[in-house]
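Welcome to this short tour. Open your viewer, pick a cartoon view, and follow along stop by stop.

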Amino acid sequence: MAGKIPMRRCVGCGEMFAKSTLIRVLKTSDGFCIDGTMKKNGRGAYICPKRECFDKAISKRRLEQSFKCALPQEIKVQLREEIECIENG
């Protein structure tokens, strides 16, 4: 019998997906990072690995709303590169 699959909402499109298929952006006391392990402590927001979701999340400031503060430019660049890498295989 399989266990329950953890689901999370994409901040870009607003749809629910399995946690393992999304990218987690994390805010900790040290700042922001992309959490590849999905296990680090801190406030997280999830986004689909799709360019459209990234563009929508950035243009509508949904990541900033989720964290209640501005997202550093270097994290936006890292996230865009991660999504491009995933999309291009």
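In what order do the elements of the chain run from the N terminus on? Colour the cartoon from one end to the other and trace it: the order is β-β-β-β-β-α-α-α. Altogether you should find three helices and five strands. Keep in mind as you look around that this is a predicted model.

**Stop 1: the whole chain**

Zoom out until the full chain is in view. Its radius of gyration is 13 Å, while the globule rule gives 12 Å for 89 residues; the two are close, so the chain is as compact as a globular protein of that length. Along the principal axes, the C-alpha atoms fill a box of roughly 45 × 30 × 20 Å.

Now think about which parts of the chain touch. Of the contacts with a separation of 6 or more, 48% are between residues 24 or more positions apart.

**Stop 2: the surface**

Switch on the surface display. About 5800 Å² of the chain is exposed, and carbon and sulfur atoms supply 50% of that area. Buried residues, in turn, make up 33% of the 89 residues.

Next, colour the charged side chains. You will be looking at 18 positive and 11 negative ones. The centres of these two sets lie 9 Å apart.

**Stop 3: the cysteines**

How many disulfides does the count come to? The count is zero. To see what lies behind that, select C13 and C53. The cysteine sulfur nearest to that of C13 belongs to C53, 3.8 Å away; a disulfide needs two sulfur atoms within 2.5 Å, and C13 is in no disulfide. C13 is partly exposed, with a relative accessible area of 28%.

Then select C85 together with C48. Here the closest cysteine sulfur to that of C85 is the one in C48, and at 17 Å it is too far for a bond. Is C85 buried or exposed? With a relative accessible area of 54%, C85 is exposed.

**Stop 4: a loop between two strands**

For the last stop, select D30. Where is the place of D30? Look in the loop that links strand 3 (23-28) to strand 4 (31-35). D30 has 76% relative accessibility, and it counts as exposed.

Finally, add G42 to your selection and draw a distance line between the two C-alpha atoms. D30 and G42 are 12 residues apart along the chain, and their C-alpha atoms are separated by 9.9 Å.

Note on methods: Residues numbered from 1 in each chain as written. Predicted model: local features only at pLDDT ≥ 70, side-chain atom pairs only at ≥ 80, totals over all residues. Heavy atoms only, no water. Helix = DSSP H or I, 4+ residues; strand = E, 2+ residues; numbered from the N terminus. Rg over C-alpha atoms; globule rule 2.2 N^0.38 Å. Buried < 20%, exposed > 50% of the residue type's maximum accessible area, 1.4 Å probe, protein only. Contact = heavy atoms within 4.5 Å. Areas by Shrake-Rupley, 256 points an atom, 1.4 Å probe, with all protein chains shown as cover. Lys, Arg positive; Asp, Glu negative; His and termini not counted. Charge placed at Lys NZ, Arg CZ, Asp CG, Glu CD.
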